[in-house]
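Here are some notes to read alongside the structure, in no strict order of priority. Keep the viewer open and look up each residue as it comes along.

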Amino acid sequence: MPDPSDVLGRLLAAQQRDLPVHGGRTLAYVYDSGLPEVDRVAREAVAAYAGSNGLDPSAFPSLVQLENELVGYALSLVDGPPSAVGTVTSGGTESVLLAVVAARDSRPDVTRPRMVIPSTAHAAFHKAAHYFGVEAVVVEVGEDFRADAAAMAAALEEDVDRTILMVASAPSYAHGVIDPVTAIAATAAARGVRCHVDACIGGWVLPFGARLGREVEPWTFAVPGVTSISMDTHKYGYAPKGTSILLHRTPELRRPQLYATASWPGYTVINTTLQSTKSGGPLAGAWAVVQQLGDAGYLELARQVFEATDRLVAGIAAIDGLRLLAEPDSTLLAVATDDSLDVFTLIDEINQRGWHVQPQLSYGASPANAHLSLSAATLPHVSDFLSALADSVSAARALGPVEVDRGIADFVRSLDVSALSDEEFEGILAAAGLGTGDGLPERMAPINALLDLAAPATREAVVRSFVDQLSRPVRP
Ligand SMILES: *Cc1c(COP(=O)(O)O)cnc(C)c1O
């Protein structure tokens with residue numbers, strides 16, 4: 001047997017090239033409270049419950065208790081009526097998948113179900129459509145990137161009988177704005193259709209923003225017609241990865257989400273989520289973080305992250321060449337550039353200066369931009385970030401535009417991936433610098449510039465192939 005400390009040492013060493021999850025400089029994927037005691041409580045809670053199994057609530061009653069307390073706290077944030085219930089899931093995507101499948105299965109009379117979603121709805125709704133055979137009717141958003149409630153109502157009226165769900169975001173991930181939930185939910189309710197509010201990324205921060213006196217467009221269960229809400233503990237709940245909460249206004253609305261089968265010789269299955277055997281670790285971690293922070297802790301973290309947001313909004317406005325695609329309603333920013341510099345080069349430059357911001361490719365009326373999800377822990381670094389950003393703007397300007405050869409650009413634009421063999425496609429990827437090898441190049445701008453010209457289907461094929469090639473077993 002090896003020395004356990006050697007094994008753990010290797011495990012920690014393997015993380016060297018990962019993005020830092022602490023320090024407030026990683027502005028996507030991670031949410032840092034900046035509070036070491038919160039991280040300690042989370043770590044120890046996950047470890048203490050790592051072996052518990054949520055498969056059978058009667059075998060691990062502690063998990064039922066933790067879940068009910070966590071859901072109760074979440075409901076206190078979103079004006080949950082006394083009838084409301086909820087489930088802890090593995091993440092925002094699972095909450096969305098379950099909201100969609102519950103809506104679908106509440107309507108067994110509908111053979112070809114459809115749901116009406118704004119074009120800014122999270123990718124998880126497209127995944128749900130794909131998995132569960134629900135047609136996603138995508139409605140263009142307005143110029144401010146908020147859902148167009150009138151256009152969504154018209155899309156509903158096109159086929160009320162087949163529509164199982166309407167969707168709004170609070171806020172949307174890509175632009176950080178809140179949809180007109182009141183109007184969308186009223187339309188849905190008038191036709192007896194469910195309305196899901198995706199507050200995966202806003203659910204744990206907007207309620208505290210409102211308590212701090214910020215103006216927040218109504219989006220909770222206080223809005224008539226809202227039937228379910230998703231809110232991710234592993235984002236602004238500052239909990240360890242692996243939990244989100246899906247809330248329903250009544251137990252009746254949730255009932256189709258509960259899956260049971262006795263049609264096999266083993267134990268009778270009753271699952272509230274997609275998983276069956278399910279570690280108690282993430283649930284315990286989320287519960288512990290919520291106990292540790294409480295209302296006062298979340299309020300202070302919200303104050304910090306909104307202060308960081310306000311200072312960044314003002315700071316970015318003062319940098320020539322940059323603009324925000326939308327005034328943020330929450331704590332997310334989408335930063336675009338003018339013609340004097342390339343946005344993907346800007347992203348490379350800022351990332352080389354010790355930050356991580358996320359490229360968002362152009363899509364419809366949304367130009368290519370840099371996405372920033374702020375954390376409370378970003379606040380002490382705002383001035384640093386703004387000076388790094390200003391330096392990066394100058395550097396990107398000096399480097400000039402990313403030149404994509406005319407011929408290659410035309411080829412990428414017109415590429416029909418469905419007509420290519422795997423070998424042909426992999427040849428193209430290798431030529432674009434995305435072939436097999438050890439990971440990605442230092443500068444991503446040339447690759448992003450190419451992808452930005454490609455149709456969504458080509459982008460999808462590229463990332464699928466890239467990840468397929470990354471995923472190859474390493475044998476001992
Ligand atoms: C993050 C997010 C999701 C998906 O959540 P995951 O936890 O990444 O699965 C869904 N909707 C919105 C608005 C999000 O920001």
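**Notes on the model**

1. Start with R40 and E44, whose side chains meet in a salt bridge, with N to O at 3.4 Å. Keep in mind throughout that this is a predicted model. Both residues sit in helix 2 (residues 36-49), and because they are four residues apart there, about one helical turn separates them. As for exposure, R40 is partly exposed at 44% relative accessibility, and E44 is partly exposed too, at 47%.

2. That pair belongs to a longer list: searching the whole structure turns up 21 salt bridges. A second one to look at is R146 with D329, where the closest N and O atoms are 3.0 Å apart. R146 is in the loop between strand 3 and helix 6, while D329 is in the loop between strand 10 (322-324) and strand 11 (332-337), so this pair ties together parts that are 183 residues apart in sequence. R146 has a relative accessibility of 22%, so it counts as partly exposed; the cut-off for buried is under 20%. D329, at 23%, is also partly exposed.

3. Next, have a look at D310 and R214. They form a salt bridge whose closest N and O atoms are 2.9 Å apart. This pair also links distant parts of the chain: D310 is in helix 10 (residues 281-317), R214 is in the loop between helix 8 (206-211) and strand 6 (228-231), and the two positions lie 96 residues apart in sequence terms. D310 counts as partly exposed at 38% relative accessibility, and R214 counts as partly exposed at 30%. There is a network to find as well: E300, R303, E307 and R311 are joined into one by salt bridges that share partners.

4. Now for a charged residue without such a partner. Is E67 buried or exposed? E67 is buried, yet it has no salt bridge. The nearest side chain of opposite charge belongs to K278, 5.5 Å away. A salt bridge here requires the nitrogen and the carboxyl oxygen to be within 4 Å, so the E67 and K278 pair, at 5.5 Å, does not make the list. You'll find E67 in helix 3 (residues 61-77). Leaving aside residues up to four places away in sequence, E67 touches T87, V88 and L283.

5. On to the ligand. Which residues surround it? They are G91, G92, T93, H122, P171, Y173, D198, C200, I201, D232, H234 and K235. Three of these are worth clicking on for their side chains. An N or O atom in the side chain of H234 is 2.7 Å from a ligand oxygen. For K235, a polar side-chain atom is 3.1 Å from an oxygen atom of the ligand, and for D232 the corresponding distance to a ligand oxygen is 3.4 Å. On its own the ligand would expose 380 Å², and the protein buries 85% of that.

6. P171, one of the residues around the ligand, deserves a second look for its backbone. The peptide bond joining A170 and P171 is cis, with omega at about -5°. P171 is in the loop between strand 4 (163-169) and helix 7 (181-190).

7. Two other backbone spots are worth checking. D79 has a phi near 55°, a positive value in a residue other than glycine. D79 is in the loop between helix 3 and strand 1 (85-89), and counts as partly exposed at 46% relative accessibility. F145 is another non-glycine residue with a positive phi, near 70°. Its loop runs between strand 3 (135-139) and helix 6 (149-158). F145 counts as buried, with 8% relative accessibility.

8. Last, a spot further along the chain. Where is L440? L440 is in the loop between helix 14 (422-431) and helix 15 (445-453). At 45% relative accessibility, L440 is partly exposed. Try selecting L440 together with F466: they are 26 residues apart in sequence, and their C-alpha atoms are 10.0 Å apart in space.

How values were computed
Residues numbered from 1 in each chain as written. Predicted model: local features only at pLDDT ≥ 70, side-chain atom pairs only at ≥ 80, totals over all residues. Heavy atoms only, no water. Buried < 20%, exposed > 50% of the residue type's maximum accessible area, 1.4 Å probe, protein only. Lys, Arg positive; Asp, Glu negative; His and termini not counted. Contact = heavy atoms within 4.5 Å. Near = heavy atom within 4 Å. Polar contact = N/O pair within 3.5 Å; in protein donor to acceptor, adjacent residues only side chain to side chain. Areas by Shrake-Rupley, 256 points an atom, 1.4 Å probe, with all protein chains shown as cover.
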